[in-house]
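The following exchange asks how certain descriptions of a structure are justified. Each reply sets a value against the cut-off that applies.

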Amino acid sequence: MNYYYLLINLALLLLSFLLTLDKKANPIRSWKPMIPAVLVSGLFFSVVALIFNQFKVSIFNDEYTVGAHILQLPIEEVLFHFILAFAGLNIYVVLNARFPKNNLERFSLSVSNLLLGVLIAMLFFTHTKLYSVITFSVLFLSLFYVEYVNSLRFMYKFYRAYVVLLIPFCLLYLFIGGLPILTYVFEETIKLKLGVIPFENFFYLMSNLLVSVYLFEVVKSKSKA
């Protein structure tokens with residue numbers, strides 16, 4: 001039994017709670033729409049992680065976990081998806097309160113269209129690689145839905161939160177991938193890493209945050225109606 005992965009989760013959770021101390025943003029006031037967003041997002045991406053695990057795309061090193069499992073997933077991996085969604089939403093809320101101007105929103109659709117094009121190209125070139133194709137597909141479908149079906153406008157704020165979330169994510173992944181707690185079958189990826197972080201993980205993180213933010217905004221808008 002080991003506590004490395006659990007400690008990584010606790011570090012991310014601590015960051016989330018530190019953000020709630022921001023008196024101007026006061027994320028606690030947003031917990032009502034935040035809770036269902038975190039629960040649904042955490043559950044969805046835990047299922048995605050379970051699929052990767054079932055098909056032996058991802059491999060966990062039991063030397064760095066406590067040994068408890070939920071449907072063959074280390075309990076820390078399940079917790080990670082819920083805590084990541086919670087941390088991302090706290091960053092999103094704090095940035096929105098600290099920097100309320102939204103004048104760059106008009107450029108967000110162009111960024112999204114560019115990203116959709118990149119994702120189509122990625123899917124074409126990696127369609128035989130399970131980790132790549134699932135990761136890029138989830139983001140493509142989520143992004144397309146948010147931009148072309150959903151009527152709420154928040155993508156500039158989302159992209160801003162994503163850039164900030166990359167900082168703790170990369171720091172924590174230095175331990176997750178560096179120890180290594182979690183590895184991916186090389187043949188099922190694009191075979192490109194930035195340090196110890198698989199290239200696909202940056203898109204996986206974006207999917208996680210996008211689903212969380214979308215659900216948060218939907219619940220918030222309905223509570224105001």
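**Helix 6 and its kink**

Helix 6 (residues 155-178) has 24 residues and reaches 32 Å from its first C-alpha to its last, close to the 34 Å expected at 1.5 Å a residue. The model is predicted.

Q: Where in helix 6 does the kink lie, and how is its angle defined?
A: The kink lies at Leu166, shortly before the proline Pro168, and is about 30 degrees. The angle is taken between axes fitted to the seven residues ending at a residue and the seven starting there.

**Salt bridges**

Q: How many salt bridges does the structure hold?
A: The structure holds 3 salt bridges.

Q: Why is the contact of Arg98 with Asp22 called a salt bridge?
A: The closest N and O atoms of Arg98 and Asp22 are 3.1 Å apart. The cut-off is 4 Å between a side-chain nitrogen of Lys or Arg and a carboxyl oxygen of Asp or Glu, so the pair qualifies.

Q: What makes this pair a tie between separate parts of the sequence?
A: Arg98 lies in helix 3 (residues 75-98), while Asp22 lies in the loop between helix 1 (4-19) and helix 2 (31-54), so the pair ties together parts that are 76 residues apart in sequence.

Q: Why is Asp22 called buried and Arg98 partly exposed?
A: Asp22 has a relative accessible area of 16%, and buried means under 20%, so Asp22 is buried. Arg98 has 40%, which is between that limit and the 50% over which a residue is exposed, so Arg98 is partly exposed.

Q: How do you know that Glu147 and Arg153 form a salt bridge?
A: Their closest N and O atoms are 2.7 Å apart, which is within 4 Å, so the pair counts as a salt bridge. Glu147 is buried, with a relative accessible area of 7%, whereas Arg153 is partly exposed at 40%.

Q: What separates Lys220 and Glu217 along helix 7?
A: Lys220 and Glu217 are 3 residues apart in helix 7 (residues 199-224), and are therefore separated by about one helical turn. Their side chains meet in a salt bridge at 3.5 Å, N to O.

**A nonpolar patch**

Q: What makes up the nonpolar surface patch?
A: Leu109, Phe144, Tyr145, Tyr148 and Val149 make a patch of about 470 Å². Helix 5 (residues 130-148) gives the most to it, with 3 residues.

Q: Why can Leu109 of helix 4 (residues 108-125) belong to a patch?
A: Patch residues need over 30% relative accessible area, and Leu109 has 34%, so Leu109 meets that limit.

Notes. Residues numbered from 1 in each chain as written. Predicted model: local features only at pLDDT ≥ 70, side-chain atom pairs only at ≥ 80, totals over all residues. Heavy atoms only, no water. Helix = DSSP H or I, 4+ residues; strand = E, 2+ residues; numbered from the N terminus. Expected span 1.5 Å × (residues − 1). Patch = residues over 30% accessible without salt bridge, like charges linked within 9 Å, V, L, I, M, F, W, Y side chains within 5 Å. Areas by Shrake-Rupley, 256 points an atom, 1.4 Å probe, with all protein chains shown as cover. Buried < 20%, exposed > 50% of the residue type's maximum accessible area, 1.4 Å probe, protein only.
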